[in-house]
Every structure is written in C-alpha cells, then in structure tokens.
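Dear colleague,

I am passing on the structure below, together with some notes on what turned up in it. Please read the notes with the structure open beside them.

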Amino acid sequence: MSAPIAQPRASHFIDGAYVEDSAGATFESHFAATGEVIARLHAATPALIDRALDAATAAQKDWAAALPVARGRILIRAAQILRERNRALSELETLDTGKPLQETLVADAASAADALEYFGGMAATVTGQTIPLGRDMAYTLREPLGVCAGIGAWNYPIQIAAWKAAPALAFGNALVFKPSEVTPLSALALAEILVEAGLPSGLFNVLQGGAEVGAALATDPRVAKVSLTGSVPTGRKVYAAAAEGIRPVTMELGGKSPLIIFDDADIENAVGAAMLGNFYSAGQICTNGTRVFVQKGLRAPFLKRLTERTEAIRLGDPRAEATQMGPLASPAQMAKVLRYIALGQSEGARLVCGGARHGATGCFVAPTIFADVTDEMAIAREEIFGPVLSVLDFETEDEVIARANASEFGLAAGVFTRDLARAHRVVARLEAGTCWINAYNLTPVEMPFGGVKASGLGRENGHAALEHYTRVKSVYLGLGDVDAPY
Ligand code: NAD
C-alpha cells in the first residue's frame, strides 16, 4: 500500500491547534479513483469531544461581545486566503472526494469563500427592532445561540463546513464541526485558514469520527443548535436526539427532485441541465433532478441528444483537468449505485446508456440513463446518489405537477419552458425548497437553500440563515409608573 499522500498534521483541530489522540478508533481516507490510502486518522474520544465543547463554550462569550464588523473582517480575510490557495485546496478535495479537479477548482473552496465573504459582510448589518407601545416601548436584540454543532456529508466537504461555519461565526456563535468520516480532510484546512485569518482559538473546532461522534454532539447539553447535512435516516435520528434537549436544528437532507421539461423548452439547454443535475459530482448532489419528466412531444429528440452528449462525457483520473467525471466517493457508494441500476433493469426500465462499472479499479460507474421509467419503480422513488438519470414521460401540466409532488422528499425542482407564465404557475405548485426555471443546480450563497417534507427544515445561505443562527430577545421598557391593581 502506498504511503499516505494527504496526511494532516493531526486528526482534530481543537482550541486553535491540531490535536491527536491515538486512543480513538483508527480510520482511513481513500482516493476513490485508485483505492489508495491518503490519510489515517483517529476518531474523537469522549475526552476530546469534551475538550472541544469546553473550548468552544469558553471562546464564544468574548466572540459574541466583539464588534460585528471585526468578526466579519476575519471571515472576509479567511475567504481571501481560501481563494489564494484554491488550487491546493481543490487538489486536496479531489483526493478526498474523487471529484474531478475541473469541478473542485470552481465549486468547493470557491463556494466556501463565497459564504465567508457573504456572511462576513452581513455580520455588521444585524439589528433588532424598536416597537412603540404608547407610553412604553420594546426593543429586540438578535443574539447568537452559543455553541453550535455541525455534521457534514461527503459530497461537498469544505463547502458544507463553510456553509455552517460562516453564518455561525458571523453572528457570534462558536462551531464544533464533524466532517463525514469518508472525507475528513478539508475541514482541517479550513480550520487552519480561519486561525491564520485571525479567528480566536476555540471558535471553530473539527472533530473526526462517525455516527457516534455526531450523536455525542447532538445530545450534549453544551450544544445550543445542531446543523446536519446528510441522509433522511440520519436526519430522523439527529432531529430526535436534538429534540430531547429542545435544541433547534437545521436539516439539509436528501432528495429525489423532479426536473420538468415541457415541449417548448430549448432542447440543448434542457439536456445540459438534465446532465448537470445528474452527472455533476458523479451524481452525488442532494438537489439532483433525478426524475426527468419530459413532455411527450419532445421525448424522442430529447433522449437522442441526451444520449449523444452523455456518451461523450470523459470519465477518468479526477486529477486530470480534462476529466469531466470521476469515481463515486467510496466502494460502498459504488455498490449501492450498481444495486439500483440492476433494480431498475429488473423493474422494467429501459437502459439507454451506461449501466455498469467503468474500469476495473476505482469506484467509477458509467453515466447511466433509464427511459420508460414509471412512478412506482424504486429508481424513481428512492435517492440513489450516483450518476443514474431516469426519464419519465408526461402529457399535461396538472398531471406532471401531481406526479412531481408525489414523493416523500421536497428538496428541489426544475422547470424548462419558454412560456414564463407557465413556469411561474408550475413552481408555485411544486412542493420543493428550491426551484429553478430554465436552470438547474445553481446554489449561490445569496439564495436561501433547504428542503421541505422529508428533505429537511431550516435554510442555509441568504438572509434566511440569520434566523437559524440567532435568536430574538424581547426587551420591554417601562417608561412610566407601574400600574399594579393591589
Ligand atoms: P449520512 O446521513 O450517512 O451521514 C451524514 C453525516 O452524519 C456523517 O458525518 C455521519 O458520520 C453522520 N452521522 C451518521 N449517523 C449519525 C447519527 N446517528 N448521529 C449523528 N451523526 C450521524 O449521509 P452521507 O452518506 O454522508 O451523505 C449523503 C446524503 O447527504 C444524501 O442523502 C444527500 O442527499 C445528503 N445531502 C444533503 C445536502 C443538502 O444540503 N440537503 C447536501 C449534501 C448531501
């Protein structure tokens, strides 16, 4: 086995410094394109979890009392450092996730930097209200929650860490973040950069490990809020654990989103969006439009162009900048995706292209298209989280809306049509947290992001994130005598 090639200085980052504790269970991070071990780490022990939460609790008080503009300045400086080191950070993310460098160069550290800039700028704009009450008055203070816990998924590791850290820190909280055990590395790089930018020790801590570390954070009385990005089954557990302590949560969970393409859509744009919404990051994106509903009149030309363009996707070593699609993140994820492909075939869906593992090493699955998919098939109901696109036919607007909404999930949805009145009419009726019209999968930091139904609750990004990392204190100011009846 080759030597680790992305070994961090230690597994955890606590109170402003790297920390190791070899008493924690050992686990490895792999480069999914080759299976090579790139780092060996230890899961956090209960003693380290304690240390991180104590450090965060101690640091948060002064941070909450700091001038908001000073807090924001540090985050903006961190964003600048992220951008300066974008290539190195992208290479690290490519090794850890298997995503092609072509993507990580533009979508990972860069979007983490966007979040730090956005919330860094917003920090000093947070104000309360004054409420006239005749003789008296009231005012509100928007206060930080305290110590927040963040738990991440493996598809966008540094982005997920920053989408939680940036608003938490901007508004005066501390964060203890647990990355996915599949992709543990880039959160440590973010921690180093935040400290370099001037973030006081203890405000952003990284603890490694799996479910048990996440569960310990979700139930700890020192934690004021839990933000999870993960699957629906994990969401149910973390939400329930947080509920025990009456802790607020943000839940960014899975999806099975509809992408609805009407007869009058621009076909090349619709095909491009369907591909982006199914094959970018090898399909490992929560918002993916995995149910592609195509109106009958466009069905044949759409499938033809979709197949032609999909067959031209360049799979390969994600470190090569020309590569357009890399492996899935882990052998377990590859096995799951291949199981769904076999299930789709046995359920009677028509395999149009792909449908198999690509190559003998690494976790590559060829981009796969199923046509003639029907609503009751498992491939049309369950989240696969891989490069598997299902095409479903439809005839009328009412029909497609009802079918699009017939899902336990409600993360996202897309509509392609040249008829903008129809586009707005349709999105108004779709049960989804984020909708795109003639676009797909764009999630700029300025726009609130999150799901409805089983896809989650709470919103990340945009002004909406303020609601989820602060609370309102009302102050009643009596300006006259107390009117007591006794
Ligand atoms: P996962 O649910 O298996 O794990 C997510 C995180 O939760 C990991 O860090 C894991 O260690 C931790 N965890 C697992 N069990 C836990 C428990 N009982 N208590 C506390 N923590 C626990 O998800 P994954 O496989 O890493 O990621 C893929 C899933 O994430 C997909 O369903 C995808 O849709 C979803 N996702 C959602 C968004 C979003 O913003 N909505 C973004 C990315 C991924």
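I begin with helix α14, whose buried residues are E397, V400, I401, R403, A404 and N405. Please keep in mind throughout that this is a predicted model. The cover over these buried residues of α14 includes the strands β12 (258-261), β13 (291-295) and β16 (388-394), and also the helix α15. At the start of α14, a side-chain oxygen of T396 comes to within 3.1 Å of the backbone nitrogen of E399.

The packing of α14 on α15 can be described further. Helix α14 covers residues 397-405 and helix α15 residues 420-429, and the two pack at an angle of about 35° with their axes 10 Å apart; the crossing is right-handed. On the α14 side the contact is made by E397, D398, I401 and N405, which meet R422, R425, V426 and R429 of α15. Sorted by class, this contact of α14 with α15 has two nonpolar, one polar and five charged residues. E397, I401 and N405 thus appear both among the buried residues of α14 and among those that meet α15.

A second helix pair may be set beside this one. The axes of helix α6 (residues 157-170) and helix α7 (residues 186-196) come within 9 Å and cross at roughly 35°, and the crossing of α6 and α7 is right-handed. Here P157, I158, A161, A162 and L169 of α6 meet S186, A187, L190 and L194 of α7, and by class the contact of α6 with α7 has eight nonpolar, one polar and no charged residues.

Turning to salt bridges, the count comes to 34. One of them joins D54 to R222, with the closest N and O atoms 2.7 Å apart, and this pair links distant parts of the chain, since D54 lies in helix α1 (residues 46-65) while R222 lies in the loop between α8 (211-219) and β10 (223-229), 168 residues apart. D54 counts as partly exposed, at 43% relative accessibility, and R222 is likewise partly exposed, with a relative accessible area of 26%. The side chain of R222 also meets that of D220 in a salt bridge, at 2.9 Å from N to O; D220 counts as buried, because its relative accessibility is 11% and the cut-off for buried is under 20%.

Are the two partners of the salt bridge between D108 and K99 buried or exposed? The closest N and O atoms of that pair are 2.7 Å apart; D108 is buried, with a relative accessible area of 1%, and K99 is buried as well, with a relative accessible area of 2%. Elsewhere, E268, K304, R305, E308 and R309 are linked in a network of salt bridges.

The last residue I would point out is T290, which is found in the loop between α10 (267-279) and β13. T290 has a relative accessible area of 10% and is therefore classed as buried. Leaving aside its neighbours within four places in sequence, T290 is in contact with K256, S257, N278, V388, L389 and S390. The strand β13 that follows this loop is among the elements that cover the buried residues of α14, which brings the account back to the helix where it began.

With best regards

Methods
Residues numbered from 1 in each chain as written. Predicted model: local features only at pLDDT ≥ 70, side-chain atom pairs only at ≥ 80, totals over all residues. Heavy atoms only, no water. Axes fitted to C-alpha atoms, helices over the stretch in contact; angles between N-to-C directions. Helix = DSSP H or I, 4+ residues; strand = E, 2+ residues; numbered from the N terminus. Left-handed = near helix turned anticlockwise from the far one by under 90°. Contact = heavy atoms within 4.5 Å. Nonpolar A, V, L, I, M, F, W, Y, C, P; charged D, E, K, R; others polar. Salt bridge = Lys/Arg side-chain N within 4 Å of Asp/Glu carboxyl O. Buried < 20%, exposed > 50% of the residue type's maximum accessible area, 1.4 Å probe, protein only. Polar contact = N/O pair within 3.5 Å; in protein donor to acceptor, adjacent residues only side chain to side chain.
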